[in-house]
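Grab a pencil and work through these exercises with the model open beside you. Try each task before you read its solution.

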Amino acid sequence: MTSTPPPRPPLPLQRHARAGRLTAWAVLVAGASLANLAHADRAAGATIARQGAGGITACMACHGAQGEGQAAAGFPRLAGQGQAYLLKQLQDFASGQRKNPQMEPIARALSAQQMRDLSEHYASLPGWKAEAKPAAAAQPAGGARLAMAGNWDAGIPACFACHGPDGAGVPPHFPALTGQPNAYTRAQLKAWQAGTRGNDPQGLMKSVADKMSDAEINAISEYLETPSFYGRRE
Amino acid sequence: MSNWFSTWLENQKRTRSFHPSWILLVVAATLVVAGIVWIPAALVSKAEYDRLPSAALPASDKASIPSDEIPAAVEQPGFPARTGPKTIRVDFSPPDVDAIPGGKFGEAVRLGRNIFNDTQTYARAYVGNALNCVNCHLDEGRKADSAPLWAAFAMFPAYRDKNQKVNSYEERLAGCFRYSMNGKVPPPGSKELVALMSYSYWMATGAPVGVELKGRGYPKLAEPRQPPDVARGKKVYEANCAICHGADGQGTQVSGRYVFPPLWGKDSFNGGAGMTRVETAAGFIQANMPLGKGGTLSEQEAWDVAKYMNSHPRPVDPRLVKS
């Protein structure tokens, strides 16, 4: 006659499995609610861009109806810019890490959610595209060269080495450069030199800007507004 | 004085016998003569050596210096330049890209430049990973301390321990395809190798032959104070490299093309590549990385991060595979 053996305690592995299942559920639930919270609403962003919100000026007043920027005033193109990059700029304006008298108060007035919505909206708009035919005006030769080959005698790498082969940006950290107003690019390079813009990761952009001459800054800023890629490969 | 000397001379003439002063006289005379010859020679060669690197001359002038002045400078150490432990290092600037000539030669040079900068497109058949030559030879193969082509070209033929024979430049290029590009070796005389040789040859226009040019190869760092360490290297990597090469070292792609190359894994160089030597990688990294901020990592950081990079798996050295 055999007596029934006492119930065995669960094997360590089984215990772990149970704990694992519980944890998985917890993570799922927490993740879902977080994702919901963090969900950026492109449409809400579009509304703020068009109409503004609670004391915030409509973005399009300066950045253009399609986020194309305003060349004459040097307001940058936002359309097609990387979402993570745009979000970081708004956060940095708010924290003062990136100094700008117009943008700082606007960014401070935006909630975290509005910042996400706006960056999502502008990232979804079409970015700058090269014209089918080459730009009519002669391109400053020095600019094209800086963009594609850099000036290593001065320790300056090609702009496109980090910002992508067509200067269209390498998300999340390296923004698109092409199609930016001449005045905007120039002001940014000067701001890095002066230290009024210091929000580049690892100081990568400052170290490059510091090596650039005024002539180089002019040439590259002019080139990037309507770059022609002719002559990259011969 | 003259009195003493004439008396002594008369005495010598008369006796015609050995006198101990002869020894002194010969030694002193030798020293004097040697001094007269050697001191100005040393001064001249030093002045020449100092003047070369610092000369702020336009590229064309610089390039013309070596042809008449370098041979003299190289003869000084008294041993052949390429095998000597202390080679005189000469400044050289490659010609400007706009100076690529026309004609058939120019065509080959241009193709070589395209292959070099965009190996993925122009030498696709011979590449087995995601790299381009320019990833490790910055500025189109022109940058000093980044193994520039102009400094490599005239050092060949050269004996290499790697394959234990005298290599032509073409054979050296083939090695790049086999190891660094983890690919197939283009046949000798193929248009790819001819183009790359033409590009290198053009870039070395005016460079002295068989002389170590300043900026050749990657800088050789001093032995690290602490042995290179993977854990420290990981920290260096995360703080300085991951932004471009990715936390997983797999580089960054934009629309299917690598903007920043993978540092290990299947799309990177294989185990036979020079970059797998920690000292080689450390020299490259310290001088050139992060891009645009070369020279900012400490040598110890460079050693550590090189060790970290090479602690990851990558395609095997084809020499170790039995076919």
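Domain bounds here come from an automatic or database domain assignment. This is a predicted model: local features need pLDDT of at least 70, side-chain atom pairs count only at pLDDT 80 or more, and totals for chains, interfaces and linings use all residues. Residues are numbered from 1 along each chain as its sequence is written, while chains are lettered from A and ligands numbered from 1 in the order in which they are written.

**Exercise 1. Split chain B into domains and describe where they touch.**

Step 1: start with the bounds. Chain B has domain 1 (42-217) and domain 2 (230-320).

Step 2: look at the contact between them. Two residues are in contact if their C-beta atoms, placed from the backbone, lie within 7 Å. Domain 1 of chain B puts in 12 residues and domain 2 of chain B puts in 16 residues.

Step 3: find the top contributor. On the side of domain 1 of chain B that touches domain 2 of chain B, H8(B) gives the most, with three residues.

Step 4: sort that side by class. Ala, Val, Leu, Ile, Met, Phe, Trp, Tyr, Cys and Pro count as nonpolar, Asp, Glu, Lys and Arg as charged, and the others, Gly among them, as polar. The side of domain 1 of chain B that touches domain 2 of chain B has five nonpolar, five polar and two charged residues.

**Exercise 2. Find the largest nonpolar core and work out where it lies.**

Step 1: get the terms straight. A residue is buried if 20 or more other C-beta atoms lie within 10 Å of its own, exposed if 12 or fewer, and partly exposed in between; C-beta atoms are placed from the backbone. A nonpolar core is a set of buried Ala, Val, Leu, Ile, Met, Phe, Trp, Tyr and Cys residues joined through C-beta atoms within 7 Å.

Step 2: spot the best-connected members. The largest core has 69 residues, and those touching the most other members include B:Trp150, B:Leu196, B:Tyr199 and B:Ile285.

Step 3: see which element gives most. Helices (H or I, at least four residues) and strands (E, at least two) are DSSP runs, numbered from the N terminus. H9(B) supplies the largest share of this core, seven residues.

Step 4: place the core. Domain 1 (42-217) and domain 2 (230-320) of chain B both give residues to this core, so it lies between them.

Step 5: zoom in on one member. Leaving out residues up to four places away in sequence, B:Ile285 touches B:Leu297, B:Ala302, B:Val305 and B:Ala306.

**Exercise 3. Sum up the make-up of chain A, then of chain B.**

Step 1: count elements. Chain A has 11 helices and zero strands, and chain B has 13 helices and four strands.

Step 2: check burial. In chain A, 35% of the 234 residues are buried; in chain B, 41% of the 323 residues are.

Step 3: take the domains of chain A. They are domain 1 (42-124) and domain 2 (141-225), with C-alpha centres 21 Å apart. Their contact takes 15 residues from domain 1 of chain A and 17 residues from domain 2 of chain A.

**Exercise 4. Test the length of helix H11 of chain A and say what it packs against.**

Step 1: work out the span. The expected span of a helix is 1.5 Å times one less than its number of residues. H11(A) (residues 214-225) has 12 residues, so it should span 16 Å; its end C-alpha atoms are 17 Å apart, which agrees.

Step 2: pick out buried residues. Among them are A:Ile217, A:Ile220, A:Tyr223 and A:Leu224.

Step 3: find the partners. The buried residues of H11(A) pack against helix H7 (141-149), helix H8 (159-163) and helix H9 (182-194) of chain A.

**Exercise 5. Hunt down some unusual backbone spots.**

Step 1: the cis bonds. The bond from A:Pro171 to A:Pro172 is cis, with omega near 5 degrees, and A:Pro172 sits in the loop between H8 and H9 of chain A. The bond from B:Phe156 to B:Pro157 is cis too, with omega near 5 degrees, and B:Pro157 lies in the loop between H7 and strand E1 (158-160) of chain B.

Step 2: the positive phi values. B:Asp145 is not a glycine, yet its phi is near 65 degrees. B:Ser255, also not a glycine, has a positive phi of about 40 degrees.

Step 3: buried or exposed? B:Asp145 has 20 C-beta neighbours inside 10 Å, so it counts as buried. B:Ser255 has 9 inside 10 Å, so B:Ser255 counts as exposed.
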